[in-house]
Amino acid sequence: MAAKTNGYYDDLVESYLFAEVARRASKYEAEHPDVKMIRMGIGDVTRPLPPVVTEAMKDASDEMGRAETFRGYGPYEGYDFLREAVQRYYKGFGVDMELSAIFISDGAKSDLGNFLDIFAQDNTVLVPDPVYPVYVDTNIMAGRRILYAMSSEENGFLPMPEDIVSEEGKAEIPDIIYLCSPNNPTGAVYTREQLKTWIDYANANGSIILFDAAYECFVTGDLPHSIFEVEGARTCAVEFCSFSKKAGFTGTRCGYTVIPEDLVRDGKKIRDLWLRRQSTKYNGVPYIVQRGAEAVFTEEGEKQIAWNIDYYKENAKIIADTLDRLGIYYTGGKNSPYIWLRCPDITKCADYDEVIAGTPSAADPDAPLSWKFFDYLLQKAAVVGTPGAGFGTSGEAFLRLTAFSTKENTQEAMERLTKMLGTE
Ligand code: MLT
C-alpha cells in the first residue's frame with residue numbers, strides 16, 4: 001500500500017487566489033521587463049516597520065546574544081509582556097478581557113486555519129460571500145460542508161442570518177460562523193446592532209463565531225473594533241487579530257487570538273482545547289518579534305502607526321476620488337484599506353481581444369468578468385488588482401484594489417486607469 005493523499009484537496013480550486021494573481025503578475029513582468037508594474041493585488045504593506053518596533057527588536061536581539069538575558073522556548077500562549085499590552089489595548093475599547101484569553105500567534109491567517117483542528121469534521125460552516133478565501137479553502141481541505149451567506153449592494157455587503165443559503169437552497173443553522181469586519185474584500189463594517197443579531201443567533205443555536213478583526217485599526221467613528229464590545233460575545237466568539245496591516249508585520253509575522261474563558265462547547269473550554277493544540281504543534285512567535293509587537297502599543301508606537309494608517313487612508317481617498325470621477329460604483333476605502341469596485345465591461349472595448357491575447361482570459365471566453373477585467377487592466381495599464389470572483393460567487397464583476405501601495409504608485413495607477421477607460 002502506498003501513502004494516500006488528502007482527497008479533499010481535489011475539491012480546491014487549482015491555486016490559492018493570491019498565488020494565481022502573483023503567477024499572472026510575474027508572467028507579465030517577465031514578458032515586459034521595461035514596464036513598471038504597479039501591484040495593488042495582495043494586501044501587502046509598503047511602509048516599513050515603525051522605528052519603535054525596529055529599536056525594540058534590536059534591543060531584544062542583543063538580549064538574545066548575552067548569556068544572562070538569553071531566552072530559549074517561550075510560553076505557548078506568548079509572553080505576558082505582549083499579552084498584557086493586548087489586554088490594555090482592549091481596555092481602550094471598553095473590553096475587560098482576562099489574560100488567559102489572549103494567545104500570541106504568527107498571524108491571523110495561520111490561526112484561522114489552524115483553529116479548525118479543535119472542531120469535529122462534521123460541523124457545518126458558514127462563510128459570508130464574498131470573503132477572504134482562507135475560510136473556504138481550509139474547510140474544503142478538511143472536507144467540511146460549507147453554507148454561504150450571500151451579500152451584495154442590497155445588504156451593504158454585510159450578510160445577516162436571513163441571508164444564509166445552503167446548497168439545497170434552504171436556510172440551515174451552521175455550527176461555525178465566519179465574520180470579517182472590516183470586511184476583506186469589500187471594506188464593509190458591521191455595526192454593534194448587526195453584531196448583536198449574529199451573537200444572539202450564535203448563542204441561541206450553540207454556534208461559534210470566528211471573528212476576523214485583522215483590519216480593525218482602520219475603523220473610524222463609533223463602529224466596533226472588536227466583537228467583544230458587544231454583549232453576549234464572550235459565550236460565542238473567538239477573535240483573530242494581526243499586526244500585519246496595523247504595523248507592517250506582513251513579513252515579520254505576529255498576531256493574537258482571543259478566546260474568552262466563558263466560551264464552552266461540549267462541556268469543554270475552547271481556550272483549553274486551543275492551548276492543548278498549540279502546545280502540541282507550535283512553539284510560538286520569536287521573542288525578538290514579540291518585543292517588536294509590544295512596542296506597537298507604546299505611546300510613541302501608536303503615534304508612528306497612526307501616521308502609517310493615515311498614509312494608506314490617503315491612498316484610499318486617491319482611488320475613491322478617481323472612481324467618483326469615472327462614475328464607477330465602489331465600496332470600502334473609508335474603514336478599510338480595500339476598495340471594492342464594479343468592473344466596467346471592458347469586453348466591449350474595440351481592443352479587448354488584442355489586449356488580452358495570450359492571457360488565460362483569452363483561452364477561456366467564459367471566464368468571469370472580474371478575471372477578464374484583471375487581465376485587461378494588467379496588460380493595458382500594468383496594474384495588478386484582485387478579481388472579485390476569487391472571493392466568492394457574489395464577488396463576480398468586482399475587483400479589489402489595495403491602498404497599501406506607495407502614494408506615488410497609487411497616483412500613477414489611477415492615472416493609468418483613467419487613461420485606460422478613455423475618459424482622461
Ligand atoms: C489579502 O490581500 O487579502 C491579504 O493580504 C491576505 C492575507 O492577509 O493573508
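The mean positions of the 44 positive and 64 negative charges of the chain lie 3 Å apart. In that count Lys and Arg are positive and Asp and Glu negative, with His and the chain ends not counted; each charge is placed at NZ of Lys, CZ of Arg, CG of Asp or CD of Glu. The model is a predicted one, so to speak of local features takes a pLDDT of at least 70 and side-chain atom pairs count only at pLDDT 80 or more, while totals for chains, interfaces and linings use all residues. Residues are numbered from 1 along each chain as its sequence is written, and side-chain values use heavy atoms, with hydrogens and water left out.

As for overall build, the radius of gyration is 22 Å, which agrees with the value near 22 Å for a compact globule of 424 residues. That radius is taken over C-alpha atoms, and the globule rule is 2.2 Å times the number of residues to the power 0.38. Along the principal axes, the C-alpha atoms fill a box of roughly 65 × 55 × 55 Å. The chain holds 14 helices and 16 strands, which are DSSP runs numbered from the N terminus (helices H or I, at least four residues; strands E, at least two).

Of the 424 residues, 54% are buried; buried means under 20% relative accessible area, exposed over 50%, and partly exposed in between (1.4 Å probe, protein chains only). Contacts (heavy atoms within 4.5 Å) often reach a long way along the sequence: among those between residues at least 6 apart, 73% join residues at least 24 apart.

On to the strands. S2 (residues 102–105) is covered on both faces, with Ile102 and Ile104 buried on one side and Phe103 and Ser105 buried on the other. S2 runs antiparallel to S9 (residues 255–258), and four bridges join them; Ile104 has Tyr256 in S9 as its bridge partner. Two strands count as paired if DSSP finds at least two bridges between them.

Further along the chain, four strands make an open antiparallel sheet in the order S12-S13-S16-S15. S12 (330–332) and S15 (386–387) sit at the edges with a single partner strand each, so one side of each has no neighbour in the sheet. S13 (residues 338–342) is mostly covered, four of its five residues being buried. Three antiparallel bridges pair S13 with S12, where Thr331 stands opposite Trp340. The hairpin of these two strands has five residues between them, and Gly333 there takes a positive phi near 90°. With S16 (residues 398–402), S13 pairs over five bridges, again antiparallel. Ile339 is matched with Leu401 in that pairing, and Arg342 stands opposite Phe398.

Finally, Tyr352 belongs to helix H11 (residues 352–356). Is Tyr352 buried or exposed? Its relative accessible area is 7%, which makes Tyr352 buried. Neighbours within four places in sequence aside, Tyr352 is in contact with Ile346, Thr347, Ser361, Lys372 and Tyr376. Lys380, 28 residues away in sequence, is 9.6 Å from Tyr352, C-alpha to C-alpha.
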